[in-house]
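User: Please take a close look at a single part of this structure, the helix that the other helices pack against, and describe its contacts in a connected account.

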Amino acid sequence: MLMVFTSLAAAASVVTFLVHTFVGGRRVVAPLLADRSLPKPSKWLNYYCWHVTTVLIAFMVGGFLWLVFDPHLPSLVFLGALAFALSVLSAAVALKAGIGPLRFPSTSLFAAIAIICMAAGLFM
């Protein structure tokens, strides 16, 4: 049963990676780089942070795929807690900006991964 949940978490992580990389890249990164009103260091630090997130999500995918074949509860708890923290952070940033948290795909995508991990913990 754990293999089913870790496979679902891996699939949800892949979806998150694809949305972040291909949808977000066009809607967020391109306008960010075109913006001439931001100071250059701020613009490029934001660009760097975007790619840090890309690497982080790729490692989440790898971590969940690893769990499919070699299940360990501590690893599942760590990855689930990471997804939960990223969802909460996304919602908090959205609220601080006066934006509905669900307008940020990261809020619901990371929440879905966290929920799958919690469900997996119930069936262990």
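Analyst: In this predicted model, helix α3 (residues 73–96) packs with helix α4 (residues 105–122) at an angle of about 150°, their axes lying 8 Å apart. Because angles over 145 degrees count as roughly antiparallel, α3 is roughly antiparallel to α4. The crossing of these two helices is left-handed. On the α3 side, the contact is made by Leu 76, Gly 80, Ala 83, Phe 84, Leu 86, Ser 87, Ser 90 and Ala 91. The α4 side contributes Ser 106, Thr 107, Phe 110, Ala 111, Ile 113, Ala 114, Cys 117, Ala 120 and Gly 121. Sorted by class, the residues in the contact of α3 with α4 comprise eleven nonpolar, six polar and no charged.

Helix α4 also meets helix α1. The axes of α1 and α4 come within 9 Å and cross at roughly 170°, which means that α1 is roughly antiparallel to α4. From α1, the residues involved are Leu 2, Phe 5, Leu 8, Ala 9, Ala 12, Ser 13, Val 15, Thr 16 and Val 19. Their partners in α4 are Pro 105, Leu 109, Phe 110, Ile 113, Ile 116, Cys 117, Ala 119 and Ala 120. The contact of α1 with α4 divides into 15 nonpolar, two polar and no charged residues.

Helix α1 itself (residues 2–34) has 33 residues, for which a rise of 1.5 Å a residue predicts a span of 48 Å; the end C-alpha atoms are 45 Å apart, which agrees. Along α1 there is nevertheless a kink of about 60°, centred on Gly 25.

The remaining partner is helix α2 (residues 40–69), which packs with α4 at an angle of about 20°, with the axes 14 Å apart. Angles under 35 degrees count as roughly parallel, and α2 and α4 are therefore roughly parallel to each other. Their crossing is left-handed. In this contact, Ile 57, Met 60 and Phe 64 of α2 meet Phe 110, Ile 113 and Cys 117 of α4. By class, the contact of α2 with α4 holds six nonpolar residues, no polar and no charged ones.

Taken by residue, Phe 110, Ile 113 and Cys 117 of α4 appear in the contact with α3, in the contact with α1 and in the contact with α2. Ala 120 of α4 takes part in the contact with α3 and in that with α1.

As for the setting of these contacts, the chain has four helices and zero strands, and its pattern along the sequence is α-α-α-α. Taken along the principal axes, the C-alpha atoms of the chain fill a box of roughly 50 × 25 × 20 Å.

Terms used
Residues are numbered from 1 along each chain as its sequence is written. This is a predicted model: local features need pLDDT of at least 70, side-chain atom pairs count only at pLDDT 80 or more; totals for chains, interfaces and linings use all residues. Side-chain values use heavy atoms; hydrogens and water are left out. Axes are lines fitted to C-alpha atoms, for helices over the stretch in contact, and angles run from 0 to 180 degrees between N-to-C directions. Angles under 35 degrees count as roughly parallel, over 145 as roughly antiparallel, 65 to 115 as roughly perpendicular and the rest as oblique. A crossing is left-handed if the near helix is turned anticlockwise from the far one by less than a right angle, and right-handed if clockwise. Contact means heavy atoms within 4.5 Å. Ala, Val, Leu, Ile, Met, Phe, Trp, Tyr, Cys and Pro count as nonpolar, Asp, Glu, Lys and Arg as charged, and the others, Gly among them, as polar. The expected span of a helix is 1.5 Å times one less than its number of residues. The bend at a residue is the angle between axes fitted to the seven residues ending there and the seven starting there.
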